[in-house]
Structure formats: C-alpha cells, structure tokens
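Please find below some notes on the model, set out as numbered points. They deal with charged pairs, a sheet and the nonpolar cores.

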Amino acid sequence: HSWGEWYSKDGNEHERQCSICAEKESYSHEWGVWEYNSDTGLDERVCQICKTTEPRDHQHSWGEWISKDNAEHERQCGMCAEKESYSHEWEDWSYNNENGLDERVCQYCKELDSREHQHLEPPTDLQYTLKSSNRNNTHKMGAEYICEICQKTIVLTKDEACLYGDVFYERTGVNDTHTEVRICQVCQYRKTQDGTCKPVGELKYIKVAAQVYEYFDCGLCGDWCKRAYHTEHHFGNWEYYDEYVHKRYCGCVEGREEEEHNYVYDKNTSMISCDVCADAREVESHEHGYNTVDEMGLMNIIQSPAYAEILSHSQIANPNPSSGSWCSRYEFRCQICGVKYYIHYAHKFENGVCTRKGYCGGIAQIAR
C-alpha cells in the first residue's frame, strides 16, 4: 500500500487511504495531554497521529495543599494556575513531651499549630470529697482526674457553703440563755449563736442551801429559765385535810395555809358541803339555831339550847355596814354537822338613825 496522510474520521478514530487500491484503515485517536487554552478558557488535547484537536470545559488539575497562613491553606491548578483556599481542618490536640506544648496538624496541608498546654476539662460526673473546714461557714472540697492529653494528674479544689442540719440547744448555765447549735452535715463545723430560753409547763421550785428559787423549764434546752428568788408564795387549790380544816400549799413545799371549812347545810338532803374544798357528807337531819330569832335578848340566848354552840359571846359588828344589811351578829357552830351559822341583829332605826351605834356607828336609815 501507498498510504496517504492520517485524517480525522470522527471524534473517536482517524483513518488513511491507499492511493493505489483505495483501501482504508482506521485506528483510535492517540491523544496527547490536556492543555489549557487561556484564549478560549477550554482544555484542549491533540491526537498525536492526525493532529485533530478536541476541546472540553476546563477541569482543574489541582496541586498539593500548602499552608497559606495559620488560618488557611491553598492549592493551585497546574493547568490554569487558578488558586483556591479553605480554613485549616485540624486534627485533635496532642501533647509534645519534648517541648511541653499542645500540638495539632492540619489534615490537608500538614501545617503545625502549637499552644501552651491546656488540660482537658474535668468529666461532668467528677466526684468532689471533703478536704477541710474553712471555719467560716464554708468548707474546701477537692477532686482529681487525669488529663488524657498529657497524662498528668490534675488536682481541683473549690469552696462550698456549709450544709447545716437541724438546730439543737446546749445549756450555758446563765439564766434565760442557751446556745443554738447547727452542725454542717459535710465538714461537721459547729455554727453557734446565743438564744433565749422558752419557758414551758408549770412554775417549779428548788432549794439551794437556805435559799428557795422558782423557775420554769426551758422547752428547748431543758435548763432552768425565768429563775428568781422565791419571795412570794404561789398557792395551789384548797385541799381537804380533816373534818375541821382544809389546806393549800405553795409549790416550794415550805409555804402552806389552812382555814376552817366553810360548810353549808342543806336540810332537804341532810348534806353539808364545803364551798371551798368541795368536801361533802351526809349528817343527821336537824335545825340550826333551835328556832332562835332576831332581836332576842342576851338572856334568851343564854337560855336557848343554841347557847352551847356559840363561838363568840360578844356581838360582832358588820365590818361593811349598810342600812339594808345586818347590824351585828352572834356566831355559832352546830355541834351536829359542824357548820358555822349566825344569828343576825337588824338595825334599830329611830328618827332615821340606828340607835345601836356600837355596831354600825349610827348608820342613817335609807328608804328601801
């Protein structure tokens, strides 16, 4: 064959023809490398056999990333020389034992960044334990953890406010005062302040040497409070003692009073009852005074059976006389029931004035 020049058959092949027999043969293009045409902005390549040129939209051929500065890295297209830049994408910090710094490397350009070593933050569930009391309503707590970068043990401390439990009370021995105490449930620090006793219950008494004191129990600390010299007796209720008297006592034991029963006789029930101590009992039915009446003369009283029961042989003047009340009286005690009874003498008014001056002082009559 006498082959002619190669020419492009289509985008995939080129061919040539024999000038003698007209036979043809074709082969795939043998492309050269892509090159950027700055005039057209396209990539072009040429078949090394037929010299056919093929264009395409430009496709960058990026080079290696290089550090632009400590914030970004960049790379350049080997064909058009265009550049692009992005922020560094850092790997995790690691600790360099030789220089004591934290270091990290950009994943793309391998730029090295360093800083003063910073320990990792402690774990969120880190447990603090007591170190000491600051004795000022706070205590010091401490905890340890290992920095996973440098593998050193990190010691942390912090101050916390004391956590107090319920208040309790301690005696001071000083009247009306005690100490209020709270104890921190963490460091056991004692927080104290002066308090005032709270008297509860009944008045009590105590004798020290020859002196009697009265006091109350404090409802908080249990010590004495409101303690004072016992100078005035505080008597309780009257109590039955015997058929003649009832008594009452001061809590100090040394103070006591007694008086005769104030019996009242009820002839309908034949009962006598003391209206002070409430003693009551049944007696023989009888009459008081043996039918004696007001204005009886002294000889009448002497001759009366009631005379044997008389307590005072002289008339007793009314201590608070008035024109409408009795002027004087004789006092008797019934020998059967023991009740004290009286025979009263009325005023004797003449010309508007009581003539029995020795008893009421001659009180003036007032119309009733």
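1. Glu13 has a relative accessible area of 23% and is partly exposed, because the buried class ends under 20%. Its salt-bridge partner is Lys9, with an N to O distance of 3.4 Å between the side chains. Lys9 is also partly exposed, at 44% relative accessibility. The model is predicted, and these values are computed from it.

2. A second charged pair joins Arg16 to Glu25, whose closest N and O atoms are 2.4 Å apart. Here the acidic residue falls on the other side of the cut-off: Glu25, at 17% relative accessible area, is buried because the limit is under 20%.

3. Arg329 and Glu331 form a salt bridge at 3.4 Å, N to O. Both of these residues are buried. Glu260, Arg333 and Lys340 are linked into one network by salt bridges that share partners. Over the whole structure, the search gives 20 salt bridges. As general background, side chains of opposite charge can pair when their charged atoms come close.

4. The largest nonpolar core has 18 residues; those touching the most other members are Ile272, Tyr330, Phe332, Cys337 and Val339. Two or more residues each come from β25 (263–266), β26 (271–274), β29 (328–333) and β30 (340–345). β30 gives the largest share, 3 residues.

5. What does Phe332 contact beyond its neighbours within four places in sequence? The list consists of Ala306, Glu309, Ile310, Leu311, Val339, Lys340, Tyr341 and Ile343. Of these, Val339 is also named among the core residues that touch the most other members, and Lys340 belongs to the salt-bridge network with Glu260 and Arg333.

6. Another core, of 8 residues, lies apart from the largest one; its members include Cys147, Ile149, Cys150 and Ile154. In soluble globular proteins, nonpolar side chains tend to be buried together.

7. Three strands make up an open sheet with antiparallel pairing, in the order β7-β8-β9. β7 (66–67) and β9 (83–87) are the edge strands, each pairing on one side only. Between β7 and β8 (residues 72–76) there are 2 bridges, in the antiparallel sense. Ser67 has His73 of β8 as its bridge partner. In general, strands of a sheet pair through backbone hydrogen bonds, either parallel or antiparallel.

Note on methods
Residues numbered from 1 in each chain as written. Predicted model: local features only at pLDDT ≥ 70, side-chain atom pairs only at ≥ 80, totals over all residues. Heavy atoms only, no water. Pairing = 2+ DSSP bridges. Helix = DSSP H or I, 4+ residues; strand = E, 2+ residues; numbered from the N terminus. Core = buried A, V, L, I, M, F, W, Y, C linked by side-chain atoms within 4.5 Å. Buried < 20%, exposed > 50% of the residue type's maximum accessible area, 1.4 Å probe, protein only. Contact = heavy atoms within 4.5 Å. Salt bridge = Lys/Arg side-chain N within 4 Å of Asp/Glu carboxyl O.
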